[in-house]
Amino acid sequence: MATSTQSAGSAVNGSGGGSTNWTDLGNVTTSDDNYVRFFAQSDGDSSKDLDCTNFGFSIPAGATINGIQANIERNGFDITDLSIKLLNGDGAGGESAQDKSLGASWSNSDTVDSFGGPADTWGETWSVSDVNSSNFGIRIQCQDNAGGFPQLAGSANIDHVEIVVHYSPVAQSISTNFGNLELKAVYFGDVQISKIRQGDTLIYN
């Protein structure tokens, strides 16, 4: 199995979610302690959808998408997950069928939290064109942890978002003849399996 890892190229406030926007949207692209930020305006306030896209994948044609993992570097105060979905899937509104949010609380210090995995397709059957599309990405929504005393408005900070695509490339067979000597090479991604045959006789494996 092969993998390809790319960082988000851009982020915008989506049309869904709560009423409070994320700010400093350009900071999502690199792990550098510069953050995309959400400041809750009241106890229990929820963020707008943060749509991270333009990952720039170039998965080879004919590959099979086996799984997708999202890694989000983040920290927060009094913040919990509300929704984490992939974009450009077959679900309603261009979202993946599965929401990976478990309502987990965000750590107060920078932590890379992972969602999905090598064999997790988020309830979708992905084509190569889906993943290579500039619209492919991840949608993140969080909320202030309502209740408690004192009732303080929380804040969320996202430093970096990356996606890892796990895929099986198409096997490629290359055959070269030198007289009656045939050289064959089969590639699975970067792994080469070579055999040399003379007629029907295997002379190198």
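The following paragraphs lead through the charged network, the nonpolar core and several individual buried residues of this structure, which is a predicted model.

The salt bridges offer a first point of entry. There are seven salt bridges in total. One of them joins Asp 51 to Arg 139, with the closest N and O atoms 2.7 Å apart. Because Asp 51 belongs to strand β4 (residues 48-53) and Arg 139 to strand β8 (residues 137-144), this pair ties together parts that are 88 residues apart in sequence. Both Asp 51 and Arg 139 are buried.

Arg 139 also has a second acidic partner. Glu 95 forms a salt bridge with Arg 139, and here the closest N and O atoms are 2.7 Å apart. This pair links distant parts of the chain, with Glu 95 in the loop between β6 and β7, Arg 139 in strand β8, and 44 residues separating them. A further salt bridge runs from Glu 95 to Lys 85, at a closest N to O distance of 3.0 Å. Lys 85 lies in strand β6 and is ten residues from Glu 95. Glu 95 and Lys 85 are both buried. Taken together, Asp 49, Asp 51, Lys 85, Glu 95 and Arg 139 are linked in a network of salt bridges.

From the charged residues the account turns to the nonpolar ones. The largest nonpolar core comprises 37 residues, and those with the most contacts inside it are Trp 22, Cys 52, Ile 59, Ile 138, Ile 158, Val 161 and Ile 163. Two or more residues of this core come from each of β3 (36-39), β4, β5 (64-77), β6, α1 (128-132), β8 and β9 (155-168). The element that gives the most is β9, with six residues.

Ile 138 shows how such a residue is surrounded. Apart from its neighbours within four places in sequence, Ile 138 is in contact with a set of residues that includes Leu 50, Cys 52, Phe 55, Ile 84, Val 161 and Ile 163. Asp 51 and Lys 85 are also among the residues that Ile 138 contacts, and both of these take part in the salt-bridge network.

What of the cysteines? Cys 52 counts as buried because its relative accessibility is 0%. Cys 142 likewise counts as buried, because its relative accessibility is 0%. The number of disulfides in the model is zero.

Trp 106 is placed in the loop between β6 and β7. Its relative accessible area is 5%, so Trp 106 is buried. Among the residues it touches, beyond those up to four places away in sequence, are Trp 22, Arg 74, Asp 81, Cys 142 and Ile 158. With one of these, Asp 81, the side chain of Trp 106 makes a polar contact of 2.8 Å. Trp 106 and Asp 78 are 28 residues apart in sequence, while their C-alpha atoms are 7.5 Å apart in space.

The last residue to consider is Asp 159, which is found in strand β9. Asp 159 is buried yet has no salt bridge, and Arg 37, the nearest side chain of opposite charge, is 8.9 Å away. Which backbone atoms does the side chain of Asp 159 reach? One is the backbone nitrogen of Asp 33, at 3.0 Å. Another is the backbone nitrogen of Asp 32, which lies 3.1 Å from a polar atom of the Asp 159 side chain. Asp 32 and Asp 33 are among the contacts of Asp 159 outside four places in sequence, which also include Asn 27, Ser 31, Tyr 35, Glu 73 and Asp 110.

Methods:
Residues are numbered from 1 along each chain as its sequence is written. This is a predicted model: local features need pLDDT of at least 70, side-chain atom pairs count only at pLDDT 80 or more; totals for chains, interfaces and linings use all residues. Side-chain values use heavy atoms; hydrogens and water are left out. A salt bridge is a side-chain nitrogen of Lys or Arg within 4 Å of a carboxyl oxygen of Asp or Glu. Helices (H or I, at least four residues) and strands (E, at least two) are DSSP runs, numbered from the N terminus. Buried means under 20% relative accessible area, exposed over 50%, partly exposed in between (1.4 Å probe, protein chains only). A nonpolar core is a set of buried Ala, Val, Leu, Ile, Met, Phe, Trp, Tyr and Cys residues joined through side-chain atoms within 4.5 Å. Contact means heavy atoms within 4.5 Å. A polar contact is a pair of N or O atoms within 3.5 Å; within protein, one must be able to donate a hydrogen and the other to accept it, and residues adjacent in sequence count only if both atoms are side-chain atoms. A disulfide is a pair of cysteine sulfur atoms within 2.5 Å. Lys and Arg count as positive and Asp and Glu as negative; His and the chain ends are not counted.
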